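Okay, thanks for coming, everyone. Let me put the next chain up on the screen.

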Amino acid sequence: MLPHRCRKVGDRQIRDHSFNTHDLIVADDAQGRPVGDGDLAAQTEQVYVNLHAAITAAGGSFDDIANLTIYIVDYEPSTMSQLGEGAVSAAQRLGFDIVRPIALLGVSALGEPDLLIEVEAIAVLS
């Protein structure tokens with residue numbers, strides 16, 4: 001089962017591989033409760049936890065993730081330390097390598113006012 005705030009937005013079969021895209025939103029834990037109010041590091045950790053849960057539920061692993069697009073509200077270069085702190089914390093807790101091709105986009109707002117980060121992941125599952 002996908003995390004509460006993980007919406008499957010598409011699948012596509014190309015040759016021998018399936019490309020699965022999920023839209024992951026950080027703010028909720030497995031019970032649908034918001035986490036990390038105003039805390040980018042906490043929300044980043046939760047998005048990586050949700051991402052790990054989603055890819056595992058699909059029969060894959062973090063190694064199957066080909067690309068991440070990360071949207072951060074009011075991004076500034078100083079924000080990178082909080083982003084890194086949350087990602088490393090989740091990776092250490094769950095035992096995966098966070099290094100992936102990443103596009104980082106600063107945005108003025110996301111779909112809900114309490115969200116500071118949202119991640120779109122593309123995974124290649126064969």
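I'll go through confidence, then the strands, then one helix.

So, this is a predicted model: local features need pLDDT of at least 70, side-chain atom pairs count only at pLDDT 80 or more, and totals for chains, interfaces and linings use all residues. Residues are numbered from 1 along each chain as its sequence is written, and side-chain values use heavy atoms, with hydrogens and water left out.

The mean pLDDT (the predictor's confidence in each residue, from 0 to 100) is 80 for the chain, and 79% of its residues reach 70 or more. Helices (H or I, at least four residues) and strands (E, at least two) are DSSP runs, numbered from the N terminus. Strand 1, residues 6-14, has the lowest mean pLDDT of the elements, 48, while helix 2, residues 80-94, has the highest, 94. Where pLDDT is low, don't read the predicted coordinates in detail.

Now the strands, which pair if DSSP finds at least two bridges between them. Strand 3 (residues 65-73) runs antiparallel to strand 5 (residues 117-125) over seven bridges, with Ile72 bridged to Ile117. Strand 3 also pairs with strand 4 (residues 102-107), this time parallel, over six bridges, and there Ile70 stands opposite Leu104.

Last, helix 1. Its 18 residues, 40-57, should span 26 Å at 1.5 Å a residue (times one less than the number of residues), and the end C-alpha atoms are 25 Å apart, so that agrees. Of those 18 residues, 13 are buried, meaning under 20% relative accessible area with a 1.4 Å probe, protein chains only. After helix 1 comes Gly59, with a positive phi near 90°.

Notes: Buried < 20%, exposed > 50% of the residue type's maximum accessible area, 1.4 Å probe, protein only.
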